[in-house]
Amino acid sequence: MPVILSCRELAKSYGTHSLFEDLSLGIEEGSRVGLIGPNGSGKSTLLRIFAGSEQPDEGERAVASGTRMVYLPQRDEFAQAEPEAVIVAALVESHPQWEDHQRDTHARAMLGRAGFGEGDGPAIDQTVDTLSGGWRKRLAITRALAQEPDLLLMDEPTNHLDLEGIWWLEALLSDARFTYVVVSHDRFFLERACDRVIELNRMYPGGHFAASGGYSTFLEKRAEFAANQKSRQESLDNRARREIEWLRSNPAAQMKKSRARIKDAGSLLSDLSALKSRNSAQDRRVDIDFSGTGRRTNDLVVVDGVGKKLGDRALFSGVEMTLSPGTRLGLLGLNGSGKTTFLKVLAGQLPPDVGRIKHATGLKVVIFDQKREQLDQKQTLRLALCPTGQTVVYRGRGIHIASWAKRFLFDPQQLDLEVGKLSGGEQARVLIANLVRRDA
Ligand SMILES: Nc1ncnc2c1ncn2[C@@H]1O[C@H](COP(=O)(O)OP(=O)(O)OP(=O)(O)O)[C@@H](O)[C@H]1O
Ligand SMILES: [Mg+2]
């Protein structure tokens with residue numbers, strides 16, 4: 001198969017923080033590539049380099065000539081746009097070769113297939129700013145498809161989609177005649193939608209690991225690879241131990257004849273430490289303590305016959321429940337069914353139409369926001385984590401901002417970055433840090 005996009009020896013770093021170096025790979029025409037990796041590993045950055053909207057520090061990327069490439073960013077661009085009708089938004093970027101009168105018909109048909117104006121779906125003359133997170137995503141995807149891409153680059157398209165939305169996207173991709181690269185953290189989606197998986201991760205030599213096949217095949221091959229790395233580490237460890245003993249026990253080791261062996265031992269040790277640090281890069285995680293303020297009251301929130309309508313559509317009615325300390329309630333529902341609205345009502349930010357919400361006295365409610373609109377994108381990470389920029393007060397104790405940042409897996413060097421430059425997952429970590437700090 002001819003290659004539709006390739007890159008050679010790419011390197012990219014921000015300051016002293018290197019995302020990848022010496023990254024070479026090719027995307028074959030017709031392939032369905034899943035791009036995975038931990039938060040902040042550089043998936044979005046690599047996709048932007050593929051799309052040509054960002055330049056690598058070193059290396060090259062090449063796209064087969066005549067390729068129509070469409071890039072769907074992690075955060076849809078409607079966020080800042082003027083509120084406009086769904087149909088208008090879909091039309092904006094539709095296929096340039098369509099005639100004006102075809103455009104409207106095409107756009108309507110595509111929106112219909114995406115579920116707009118059908119059943120419970122939003123109407124096409126509804127404005128974009130009133131769409132739920134999942135429907136906005138559907139609109140963004142539809143808009144990308146309207147451009148009839150040969151190569152579609154999608155950054156986390158399944159975020160915010162409900163199960164039906166994910167199935168819709170899967171069906172759409174299974175019929176696709178275009179090549180695509182999709183970033184996702186959804187293992188089931190990856191299994192069904194991809195025939196090749198590439199993981200970006202510093203633990204691999206060359207910064208990535210690729211395998212043909214779905215996600216499960218990828219996991220098998222990765223396990224094999226990891227086992228090999230482990231046994232390689234063990235045998236290097238043994239050799240290193242023998243070399244060190246030899247150096248210690250042999251005064252003649254200083255002699256000229258032995259120089260080569262000493263040098264070899266040196267490079268062996270540095271190989272080993274690189275391998276060890278790659279092998280241990282897998283184990284980073286945040287330990288978060290959500291234990292709250294130790295309140296003893298039993299009923300934190302009592303929901304009594306609560307109902308809410310939007311326009312003439314009833315979102316929910318007759319809701320009865322009690323939240324007590326330690327309750328962990330999962331909320332499921334279709335996109336647009338009113339989950340976010342329900343949370344706002346629960347938090348007392350929106351009044352219910354009927355019924356009552358009773359909060360325990362002194363209750364602090366913190367909402368973790370789907371759209372992350374609470375983060376000021378221009379603010380530095382330092383200020384976003386800590387209003388004074390120096391010391392975070394947590395449970396009555398002062399913690400230096402650098403150690404606080406480390407708890408949430410940030411590198412102290414990132415403190416002066418603008419929040420807007422952080423990856424999606426990193427921004428979510430800022431919100432979690434603030435949630436923890438506010439001691440809900
Ligand atoms: N302009 C920039 N200046 C400095 N650092 C940046 C800039 N853009 C991105 N970064 C950093 O580069 C790293 C990779 O970001 P990227 O958005 O590519 O990650 P990602 O793999 O897509 O993560 P996620 O899964 O969270 O979306 C992050 O640590 C981010 O903070
Ligand atoms: Mg990303």
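Start at the magnesium ion, ligand 2: its protein donors are Ser-44, through OG, and Gln-74, through OE1, at 2.0 to 2.3 Å. Keep in mind as you click around that this is a predicted model.

**Stop 1: the two donors**

Select Ser-44 and Gln-74 together and colour by secondary structure. The pair ties together distant parts of the chain, 30 residues apart: Ser-44 belongs to helix α1, while Gln-74 sits in the loop between β5 (69–72) and α2 (86–92). Are these donors buried or exposed? Ser-44 has 15% relative accessibility, so it counts as buried, the limit being under 20%. Gln-74 is at 19%, and therefore falls under that same 20% limit and is buried too.

**Stop 2: ligand 1 and its shell**

Now centre on ligand 1 and show the residues around it. There are 21 of them, and those that come nearest are Lys-43, Thr-45, Ser-423, Gly-425 and Glu-426. Colour the shell by residue class and you should get five nonpolar, 12 polar and four charged residues.

Next, zoom in on the oxygen atoms of ligand 1 and draw some distances:

- Gly-42: a polar backbone atom is 2.9 Å from a ligand 1 oxygen.
- Ser-41: a backbone N or O atom lies 3.2 Å from an oxygen of ligand 1.
- Gln-414: here a polar side-chain atom is involved, 3.2 Å from an oxygen of ligand 1.

How much of the accessible area of ligand 1 does the protein cover? On its own, ligand 1 has 650 Å², and the protein covers 92% of that.

Zoom out a little to see where the shell comes from. Helices α1 (43–51) and α12 (424–437) each give at least two residues to the shell. At the level of domains, domain 1 (3–218) and domain 4 (381–437) each contribute at least three residues to the shell around ligand 1.

**Stop 3: two backbone oddities**

Leave the ligands and pull up a Ramachandran plot if your viewer has one. Most residues other than glycine have a negative phi. Asp-22 is not a glycine, yet its phi is positive, near 60°. You'll find Asp-22 in strand β2, residues 17–28.

The other one to select is Arg-395, with a positive phi near 55°, again in a residue other than glycine. Arg-395 is in the loop between β13 (391–394) and β14 (397–400). Its relative accessibility is 38%, so Arg-395 counts as partly exposed, a class that runs between the 20% and 50% limits.

**Stop 4: Asn-201 and a side-chain contact**

Go to the loop between β8 (196–200) and β9 (208–212) and select Asn-201. Which side chain does the side chain of Asn-201 make a polar contact with? The partner is Glu-199, at 3.1 Å, side chain to side chain. Asn-201 is buried, because its relative accessibility of 11% is under 20%.

**Stop 5: two helix residues**

Select Glu-170, in helix α5 (residues 163–174). Although glutamate is in the charged class, Glu-170 counts as buried, at 12% relative accessibility. Add Thr-158 to the selection and draw the C-alpha to C-alpha distance: 9.7 Å, for two residues 12 apart in sequence.

Then hop to helix α3 (residues 100–113) and pick Met-110. Met-110 is buried as well, with a relative accessible area of 15%. How far apart are the C-alpha atoms of Met-110 and Thr-142? They are separated by 6.9 Å, with their positions 32 residues apart along the chain.

**Last stop: Asn-298**

Finish in the loop between α8 (259–280) and β10 (301–310), where Asn-298 lies. Turn on a surface: Asn-298 is exposed, because its relative accessible area of 55% is over the 50% limit. To end the tour, pick Gly-326 too, which is 28 residues from Asn-298 along the chain, and check the C-alpha separation of 9.9 Å.

Technical notes: Residues are numbered from 1 along each chain as its sequence is written. Chains are lettered from A and ligands numbered from 1 in the order in which they are written. This is a predicted model: local features need pLDDT of at least 70, side-chain atom pairs count only at pLDDT 80 or more; totals for chains, interfaces and linings use all residues. Side-chain values use heavy atoms; hydrogens and water are left out. A residue is near a molecule or strand if one of its heavy atoms lies within 4 Å of it. A polar contact is a pair of N or O atoms within 3.5 Å; within protein, one must be able to donate a hydrogen and the other to accept it, and residues adjacent in sequence count only if both atoms are side-chain atoms. Accessible areas come from the Shrake-Rupley method with a 1.4 Å probe; for residues, only the protein chains shown count as cover. Helices (H or I, at least four residues) and strands (E, at least two) are DSSP runs, numbered from the N terminus. Domain bounds come from an automatic or database domain assignment. Donors are N, O and S atoms within 2.8 Å of the metal (3.2 Å for Na, K and Ca); water is not among the atoms, so sites may look incomplete. Buried means under 20% relative accessible area, exposed over 50%, partly exposed in between (1.4 Å probe, protein chains only).
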